[in-house]
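Biologist: Before any interpretation, I should like to go through the reasoning behind a few descriptions of this model. Please set each value against its criterion.

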Amino acid sequence: MTQQAERTRRIPLSRDRVLTAAVALADEVGIDALSMRRLAQELGVVPMALYKHVANKEELLDGMVDSLVSEIDPPVRDTGWKNAVRLRVISARRALLAHPWGRQVLESRTNKTPAVLGYMDSFIGMFLAGGFSVDLTHHVMHALGSRMWGFTQELFDDSAGQSVDGPVALAPEAQAAIFQEMAERYPNILKVATASAHKDSVVGQGCDDQFEFEFALDLLLDGFERLHRQHWTSAPE
(Lines give C-alpha, C1' and ligand atoms only; values in the text may rest on other atoms or scores of the structure.)
Protein backbone atom coordinates (compact mmCIF):
# COMPACT_ATOMS: atom_id res chain seq x y z
CA MET A 1 0.00 0.00 0.00
CA THR A 2 1.41 3.43 -0.94
CA GLN A 3 2.00 6.13 1.67
CA GLN A 4 -0.78 8.25 0.12
CA ALA A 5 -3.26 5.38 0.33
CA GLU A 6 -2.18 4.68 3.90
CA ARG A 7 -2.71 8.32 4.89
CA THR A 8 -6.13 8.28 3.24
CA ARG A 9 -7.11 5.13 5.10
CA ARG A 10 -6.14 6.64 8.44
CA ILE A 11 -8.32 9.76 8.05
CA PRO A 12 -11.46 9.21 10.16
CA LEU A 13 -14.52 8.52 8.04
CA SER A 14 -17.38 11.04 8.25
CA ARG A 15 -20.48 11.89 6.25
CA ASP A 16 -18.77 14.97 4.78
CA ARG A 17 -15.77 12.91 3.73
CA VAL A 18 -18.00 10.27 2.16
CA LEU A 19 -19.95 12.88 0.19
CA THR A 20 -16.82 14.75 -0.89
CA ALA A 21 -15.31 11.51 -2.16
CA ALA A 22 -18.55 10.54 -3.92
CA VAL A 23 -18.73 13.88 -5.72
CA ALA A 24 -15.09 13.63 -6.80
CA LEU A 25 -15.52 10.04 -7.96
CA ALA A 26 -18.69 10.86 -9.93
CA ASP A 27 -16.87 13.81 -11.53
CA GLU A 28 -14.13 11.41 -12.59
CA VAL A 29 -15.97 8.25 -13.69
CA GLY A 30 -19.58 9.37 -14.14
CA ILE A 31 -22.64 8.75 -12.02
CA ASP A 32 -23.50 5.40 -13.62
CA ALA A 33 -20.13 3.98 -12.57
CA LEU A 34 -20.50 5.22 -8.99
CA SER A 35 -21.31 2.41 -6.57
CA MET A 36 -21.02 1.96 -2.83
CA ARG A 37 -18.35 -0.69 -3.39
CA ARG A 38 -16.26 1.50 -5.67
CA LEU A 39 -16.63 4.46 -3.32
CA ALA A 40 -15.48 2.28 -0.42
CA GLN A 41 -12.42 1.26 -2.42
CA GLU A 42 -11.68 4.92 -3.13
CA LEU A 43 -11.83 5.68 0.59
CA GLY A 44 -9.85 2.60 1.57
CA VAL A 45 -12.62 1.11 3.71
CA VAL A 46 -14.99 -1.85 3.51
CA PRO A 47 -18.43 -1.08 1.97
CA MET A 48 -20.23 -1.63 5.27
CA ALA A 49 -18.33 1.30 6.79
CA LEU A 50 -20.14 3.66 4.44
CA TYR A 51 -23.56 2.68 5.77
CA LYS A 52 -22.76 4.28 9.12
CA HIS A 53 -22.88 7.64 7.34
CA VAL A 54 -25.34 7.11 4.46
CA ALA A 55 -28.14 4.57 4.77
CA ASN A 56 -28.12 3.57 1.09
CA LYS A 57 -27.30 4.71 -2.45
CA GLU A 58 -30.35 7.00 -2.59
CA GLU A 59 -29.28 8.84 0.56
CA LEU A 60 -25.80 9.14 -0.92
CA LEU A 61 -27.24 10.77 -4.05
CA ASP A 62 -29.38 13.12 -1.94
CA GLY A 63 -26.26 14.18 -0.09
CA MET A 64 -24.40 14.73 -3.33
CA VAL A 65 -27.18 17.05 -4.50
CA ASP A 66 -26.90 18.95 -1.23
CA SER A 67 -23.17 19.32 -1.86
CA LEU A 68 -23.90 20.72 -5.31
CA VAL A 69 -26.46 23.17 -3.90
CA SER A 70 -23.90 24.38 -1.37
CA GLU A 71 -21.70 25.51 -4.26
CA ILE A 72 -24.38 27.90 -5.57
CA ASP A 73 -23.78 31.49 -4.50
CA PRO A 74 -26.31 33.01 -2.07
CA PRO A 75 -28.51 35.87 -3.32
CA VAL A 76 -26.60 39.10 -3.90
CA ARG A 77 -28.08 41.91 -1.82
CA ASP A 78 -28.79 45.49 -2.90
CA THR A 79 -28.50 44.76 -6.61
CA GLY A 80 -32.18 44.61 -7.69
CA TRP A 81 -34.27 41.50 -8.16
CA LYS A 82 -33.42 41.00 -11.84
CA ASN A 83 -29.66 41.04 -11.41
CA ALA A 84 -29.91 38.96 -8.23
CA VAL A 85 -31.89 36.26 -10.03
CA ARG A 86 -29.58 36.27 -13.05
CA LEU A 87 -26.47 35.96 -10.90
CA ARG A 88 -28.03 33.09 -8.94
CA VAL A 89 -28.99 31.18 -12.08
CA ILE A 90 -25.55 31.69 -13.61
CA SER A 91 -23.97 30.45 -10.39
CA ALA A 92 -26.23 27.38 -10.42
CA ARG A 93 -25.26 26.66 -14.02
CA ARG A 94 -21.59 27.03 -13.17
CA ALA A 95 -21.98 24.49 -10.34
CA LEU A 96 -23.89 22.13 -12.61
CA LEU A 97 -21.31 22.34 -15.39
CA ALA A 98 -18.59 21.56 -12.85
CA HIS A 99 -20.41 18.31 -12.02
CA PRO A 100 -21.72 16.71 -15.25
CA TRP A 101 -23.71 14.15 -13.23
CA GLY A 102 -25.68 16.90 -11.51
CA ARG A 103 -28.60 17.15 -13.89
CA GLN A 104 -29.24 13.41 -14.02
CA VAL A 105 -29.19 13.12 -10.24
CA LEU A 106 -31.35 16.22 -9.73
CA GLU A 107 -33.92 14.83 -12.15
CA SER A 108 -33.93 11.47 -10.36
CA ARG A 109 -34.63 12.81 -6.87
CA THR A 110 -38.15 12.10 -5.57
CA ASN A 111 -37.55 13.52 -2.09
CA LYS A 112 -36.49 17.14 -1.67
CA THR A 113 -33.94 17.59 1.09
CA PRO A 114 -33.89 20.62 3.41
CA ALA A 115 -30.96 22.04 1.40
CA VAL A 116 -32.94 21.81 -1.85
CA LEU A 117 -36.10 23.23 -0.26
CA GLY A 118 -34.06 26.02 1.29
CA TYR A 119 -32.60 26.93 -2.10
CA MET A 120 -36.05 26.96 -3.72
CA ASP A 121 -37.46 29.05 -0.87
CA SER A 122 -34.71 31.66 -1.09
CA PHE A 123 -35.01 31.74 -4.89
CA ILE A 124 -38.73 32.51 -4.62
CA GLY A 125 -37.89 35.06 -1.95
CA MET A 126 -35.85 37.12 -4.43
CA PHE A 127 -38.98 37.81 -6.47
CA LEU A 128 -41.16 38.49 -3.44
CA ALA A 129 -38.54 40.87 -2.05
CA GLY A 130 -38.51 42.60 -5.45
CA GLY A 131 -42.20 43.46 -5.07
CA PHE A 132 -43.68 40.62 -7.14
CA SER A 133 -47.12 39.40 -6.10
CA VAL A 134 -47.44 35.81 -4.97
CA ASP A 135 -49.61 35.10 -8.03
CA LEU A 136 -47.04 36.49 -10.48
CA THR A 137 -44.21 34.71 -8.67
CA HIS A 138 -46.11 31.42 -9.04
CA HIS A 139 -46.18 31.79 -12.83
CA VAL A 140 -42.63 33.16 -13.02
CA MET A 141 -41.37 30.00 -11.34
CA HIS A 142 -43.23 27.88 -13.92
CA ALA A 143 -41.65 29.89 -16.73
CA LEU A 144 -38.19 29.48 -15.24
CA GLY A 145 -38.67 25.78 -14.62
CA SER A 146 -35.38 24.03 -13.93
CA ARG A 147 -33.43 27.03 -15.20
CA MET A 148 -33.08 27.91 -11.54
CA TRP A 149 -30.80 24.84 -11.34
CA GLY A 150 -28.91 25.77 -14.50
CA PHE A 151 -30.77 23.56 -16.99
CA THR A 152 -34.22 23.39 -18.51
CA GLN A 153 -36.97 21.08 -17.30
CA GLU A 154 -40.39 21.74 -15.80
CA LEU A 155 -39.72 22.57 -12.14
CA PHE A 156 -43.01 21.36 -10.69
CA ASP A 157 -43.15 17.97 -12.45
CA ASP A 158 -43.44 15.44 -9.61
CA SER A 159 -44.68 12.58 -11.79
CA ALA A 160 -41.42 10.65 -11.40
CA GLY A 161 -42.08 10.30 -7.71
CA GLN A 162 -45.66 9.09 -8.07
CA SER A 163 -46.82 5.51 -8.32
CA VAL A 164 -48.78 4.20 -11.29
CA ASP A 165 -51.88 4.56 -9.16
CA GLY A 166 -51.26 8.26 -8.69
CA PRO A 167 -50.26 10.21 -5.58
CA VAL A 168 -50.98 8.62 -2.22
CA ALA A 169 -53.85 10.30 -0.36
CA LEU A 170 -52.91 11.54 3.10
CA ALA A 171 -55.15 11.73 6.14
CA PRO A 172 -56.37 15.27 6.97
CA GLU A 173 -54.26 15.31 10.14
CA ALA A 174 -51.12 14.39 8.17
CA GLN A 175 -51.87 17.06 5.56
CA ALA A 176 -52.35 19.66 8.30
CA ALA A 177 -49.04 18.69 9.91
CA ILE A 178 -47.21 18.97 6.58
CA PHE A 179 -48.72 22.39 5.85
CA GLN A 180 -47.83 23.58 9.34
CA GLU A 181 -44.22 22.48 8.95
CA MET A 182 -43.99 24.04 5.48
CA ALA A 183 -45.46 27.31 6.79
CA GLU A 184 -42.82 27.47 9.50
CA ARG A 185 -39.77 26.28 7.56
CA TYR A 186 -40.46 27.20 3.92
CA PRO A 187 -43.13 29.93 3.91
CA ASN A 188 -42.34 31.24 0.43
CA ILE A 189 -42.71 27.80 -1.17
CA LEU A 190 -46.06 27.29 0.57
CA LYS A 191 -47.36 30.69 -0.59
CA VAL A 192 -46.55 29.97 -4.22
CA ALA A 193 -47.62 26.32 -4.14
CA THR A 194 -51.08 27.26 -2.87
CA ALA A 195 -51.49 30.42 -4.97
CA SER A 196 -53.55 28.74 -7.70
CA ALA A 197 -55.95 25.83 -7.87
CA HIS A 198 -56.38 24.16 -11.25
CA LYS A 199 -57.63 20.74 -12.25
CA ASP A 200 -56.41 18.09 -14.69
CA SER A 201 -52.73 18.89 -14.35
CA VAL A 202 -49.83 16.57 -15.09
CA VAL A 203 -47.29 19.18 -13.98
CA GLY A 204 -48.34 19.15 -10.34
CA GLN A 205 -51.28 19.59 -8.02
CA GLY A 206 -52.68 23.13 -8.23
CA CYS A 207 -51.11 23.95 -11.61
CA ASP A 208 -52.72 24.28 -15.05
CA ASP A 209 -50.36 22.82 -17.66
CA GLN A 210 -51.85 24.66 -20.61
CA PHE A 211 -51.92 28.00 -18.80
CA GLU A 212 -48.30 27.65 -17.67
CA PHE A 213 -47.22 26.64 -21.18
CA GLU A 214 -48.96 29.64 -22.74
CA PHE A 215 -47.69 31.97 -20.01
CA ALA A 216 -44.09 30.97 -20.75
CA LEU A 217 -44.67 31.10 -24.52
CA ASP A 218 -46.19 34.59 -24.33
CA LEU A 219 -43.34 35.72 -22.12
CA LEU A 220 -40.81 34.55 -24.70
CA LEU A 221 -42.75 36.05 -27.59
CA ASP A 222 -42.94 39.40 -25.83
CA GLY A 223 -39.18 39.27 -25.41
CA PHE A 224 -38.69 38.42 -29.05
CA GLU A 225 -40.87 41.40 -30.00
CA ARG A 226 -38.92 43.77 -27.78
CA LEU A 227 -35.60 42.64 -29.19
CA HIS A 228 -36.94 42.99 -32.72
CA ARG A 229 -37.95 46.59 -32.07
CA GLN A 230 -34.49 47.27 -30.70
CA HIS A 231 -32.88 45.80 -33.82
CA TRP A 232 -30.95 43.45 -31.54
CA THR A 233 -28.19 41.31 -32.96
CA SER A 234 -25.86 38.74 -31.44
CA ALA A 235 -22.98 39.88 -33.63
CA PRO A 236 -20.21 41.83 -31.81
CA GLU A 237 -20.45 45.55 -32.22
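Biologist: Over which residues does pLDDT stay under 50, and how many contacts beyond four places in sequence does the model have for them?

Modeller: This is a predicted model, and pLDDT stays under 50 over residues 159-166. For that stretch the model has three contacts beyond four places in sequence. Residues 200-204 also have a pLDDT below 50, with twelve contacts beyond near neighbours in sequence. The average pLDDT of the protein chain is 83, and 83% of the residues score at least 70.

Biologist: How do you know that the span of helix α2 agrees with its number of residues?

Modeller: Helix α2 covers residues 15-29, that is 15 residues, and at 1.5 Å a residue the expected span is therefore 21 Å. The end C-alpha atoms of α2 are 21 Å apart, so the two values agree. Just after α2, G30 adopts a positive phi of about 95°.

Biologist: Why is α2 called roughly perpendicular to α5?

Modeller: The axes of α2 and helix α5 (residues 57-70) cross at roughly 85° and come within 9 Å. Angles of 65 to 115 degrees count as roughly perpendicular, so α2 is roughly perpendicular to α5.

Biologist: What makes up the contact between them, by residue and by class?

Modeller: From α2 come R15, V18, L19, A22, V23 and A26, and from α5 come E59, L60, G63, M64 and S67. By class, seven are nonpolar, two polar and two charged.

Biologist: Which residues of α2 are called buried?

Modeller: Buried requires under 20% relative accessible area, and the buried residues of α2 are R17, V18, L19, A21, A22, V23, L25 and A26.

Notes: Residues numbered from 1 in each chain as written. Predicted model: local features only at pLDDT ≥ 70, side-chain atom pairs only at ≥ 80, totals over all residues. Heavy atoms only, no water. Helix = DSSP H or I, 4+ residues; strand = E, 2+ residues; numbered from the N terminus. Expected span 1.5 Å × (residues − 1). Buried < 20%, exposed > 50% of the residue type's maximum accessible area, 1.4 Å probe, protein only. pLDDT = per-residue confidence, 0-100. Contact = heavy atoms within 4.5 Å. Axes fitted to C-alpha atoms, helices over the stretch in contact; angles between N-to-C directions. Parallel < 35°, antiparallel > 145°, perpendicular 65-115°, else oblique. Nonpolar A, V, L, I, M, F, W, Y, C, P; charged D, E, K, R; others polar.
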